[in-house]
Amino acid sequence: ELKIACLSNRATCYSQFHNYKKVIEDCTRVLEMDPKHVKALIRRGLAYEATEKYKLGLEDMREAQAVSGGSPVISQAIARLTANCRYL
């Protein structure tokens with residue numbers, strides 16, 4: 001639990017510095033330990049979006065929506081990512 005919390009918090013710090021590669025790495029490690037960790041799914045999904053990996057971001061956001069029941073952040077990200085996937 002402590003390792004998950006530390007990695008999740010560090011991913012948040014990395015996102016503040018726009019270090020999306022590190023956000024993805026830390027969130028992936030969190031999700032290996034807890035595949036339904038909603039915050040890690042959202043953070044990684046947003047990092048994928050920032051790095052133009054729209055399909056991967058959309059997968060994470062859909063999983064976050066399935067696990068959490070949804071939120072405005074998730075819904076808005078799904079709409080953006082879906083629109084971006086159409087142009088690929």
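**An all-helical predicted model**

Glu 52 is exposed (over 50% relative accessible area, where under 20% is buried and anything in between is partly exposed, with a 1.4 Å probe and protein chains only), its relative accessible area being 59%. The model is predicted, so that local features need pLDDT of at least 70 and side-chain atom pairs count only at pLDDT 80 or more, whereas totals for chains, interfaces and linings use all residues. Residues are numbered from 1 along each chain as its sequence is written, and side-chain values use heavy atoms, with hydrogens and water left out.

The protein chain has five helices and zero strands, both being DSSP runs numbered from the N terminus (H or I over at least four residues for a helix, E over at least two for a strand). The radius of gyration of the protein chain, taken over C-alpha atoms, is 12 Å, close to the 12 Å given for 88 residues by the globule rule (2.2 Å times the number of residues to the power 0.38), so the chain is as compact as a globular protein of that length. Along the principal axes, the C-alpha atoms fill a box of roughly 40 × 30 × 20 Å.

Of the 88 residues in the protein chain, 35% are buried. In soluble globular proteins, nonpolar side chains tend to be buried together. The largest nonpolar core, a set of buried Ala, Val, Leu, Ile, Met, Phe, Trp, Tyr and Cys residues joined through side-chain atoms within 4.5 Å, has 22 residues, and those with the most contacts inside it are Met 61 and Leu 81. To this core α1 (2-16), α2, α3, α4 (54-68) and α5 (72-86) each supply at least two residues. When residues up to four places away in sequence are not counted, Leu 81 is in contact (heavy atoms within 4.5 Å) with Glu 49, Tyr 54, Gly 57, Leu 58 and Met 61.

The loops between helices were examined next. Most residues other than glycine have a negative phi. His 18, in the loop between α1 and α2, nevertheless has a positive phi of about 60°, and this residue is exposed, with a relative accessible area of 56%. Glu 52, found in the loop between α3 and α4, likewise has a positive phi, of about 65°, although it is not a glycine. Pro 35 lies in the loop between α2 (20-33) and α3 (38-50) and is exposed at a relative accessible area of 53%. The C-alpha atoms of Pro 35 and Glu 63 are separated by 9.5 Å, although these residues are 28 residues apart along the chain.
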